[in-house]
Structure formats: structure tokens, C-alpha cells
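Reader: I'd like a close look at one part of this chain. Please pick a single helix and walk me through its surroundings and the loops close by in the sequence.

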Amino acid sequence: MIRELSKWGVGPSIILAAGAYGTVAGLATWFWPEVCLVSTIPYPVFQALGILMLAAGIPMLIAGGRAVTRAYGSDELATTGVLGLVRNPIYSAWIVFLIPGLVLFSRSWPLLLTPLVAYAVFKIQIRREDEYLEHHFGDAYRKYRSEVNELIPWKRRP
């Protein structure tokens, strides 16, 4: 049986896992900086990359949040705008841009693995959302899923 999903989707499980891992990685970095900090790359490189990632992620999070909220509220399958580039724009903003952008400021290689933990949980949990949407929207969602990337925001070539 397909369960109704809240407007938060599987986001809370991703946040919980990434937050738990990030806490452990942050503590490891705090207690063993000589082992965990990347010192071979100058810190301004990390800062610049972090700023670029945040500059891409924040607008995507805002646009994705608006689009998903509007679609959820009207019970329609939205496939345009940011949802025409990526099926999961909020998760994409966090996993691809915001978490990496924030952890780049730490220079901690264990913290730099946090997006991978978030991605792994996303890949396991997103099946629930896909099943729900496929059950709810049928062929329209199957077509959309075949044409639009799951997490990386760029158009597929026909």
C-alpha cells in the first residue's frame, strides 16, 4: 500500500543521517585537527569554492521550495521551472550545493564526506517518494522521471 507523504517527503531522514554523521565528523576534526584538516590546499581556495556552492544552492533552495510547495498544495505534477531541471530541487540544493558549500569552510576531509552520507540516504529513501508519485500521477510521472535528472540540475539531451 502506498502511504501519503507529507510536504517534507523523505527530507527528515536525510537531515537526521547527515546531521548525525556531520556531528561525529566535526567532533573528530575538533579533537584531531592534525589528522582531519586538509592543509595542502590553501584556505582561500576552500572559501571561494564554498561561496560559489552557496551562491548556487541558495537560489535553487528558494525556487525549489516555492515550486514544490505550490505543486503539493495544488495536487499537481509540476514539471517546469526548476522542476524541469531536476526532480528533487530541495534535496539537490542541500546535497549538491549547500552541505558541500558549508563544509568546505571547515577544510575537514571527514566533514567533506557528509554530502555522500546525505546522498546515500537520499538514494535509499527517495524510492518512497517515487512510488507515491508514480501511483498518484501514473504515466505522466513515469515520463517526467525518464526525462528529468533526479539530483543533478541540468537538462538531459534528447
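**Helix H3 and the loops that follow**

Author: Happily! Helix H4 (89-104) and helix H5 (109-112) are among the elements that cover the buried residues of H3, with contact meaning heavy atoms within 4.5 Å. This is a predicted model, in which local features need pLDDT of at least 70 and side-chain atom pairs count only at pLDDT 80 or more, while totals for chains, interfaces and linings use all residues. Residues are numbered from 1 along each chain as its sequence is written, and side-chain values use heavy atoms, leaving out hydrogens and water.

Helices here (H or I, at least four residues) are DSSP runs numbered from the N terminus. H3 itself takes in residues 43-74, 32 residues in total. From first C-alpha to last, H3 reaches 46 Å, close to the 46 Å expected; that expected span is 1.5 Å times one less than the number of residues.

Which residues of H3 are buried? They are Phe46, Gly50, Leu54, Gly57, Met60, Gly64, Gly65, Ala67 and Ala71, where buried means under 20% relative accessible area, exposed over 50% and partly exposed in between (1.4 Å probe, protein chains only). An α-helix has 3.6 residues a turn, so residues three or four places apart point the same way.

Just after H3 comes aspartate 75, with a positive phi of about 55° although it is not a glycine. Aspartate 75 sits in the loop between H3 and H4, and counts as partly exposed because its relative accessibility is 46%.

Further along, the loop between H4 and H5 holds arginine 107. Its phi is near 60°, again positive in a residue other than glycine. Arginine 107 has 22% relative accessibility, so it also counts as partly exposed.

Terms used
Helix = DSSP H or I, 4+ residues; strand = E, 2+ residues; numbered from the N terminus.
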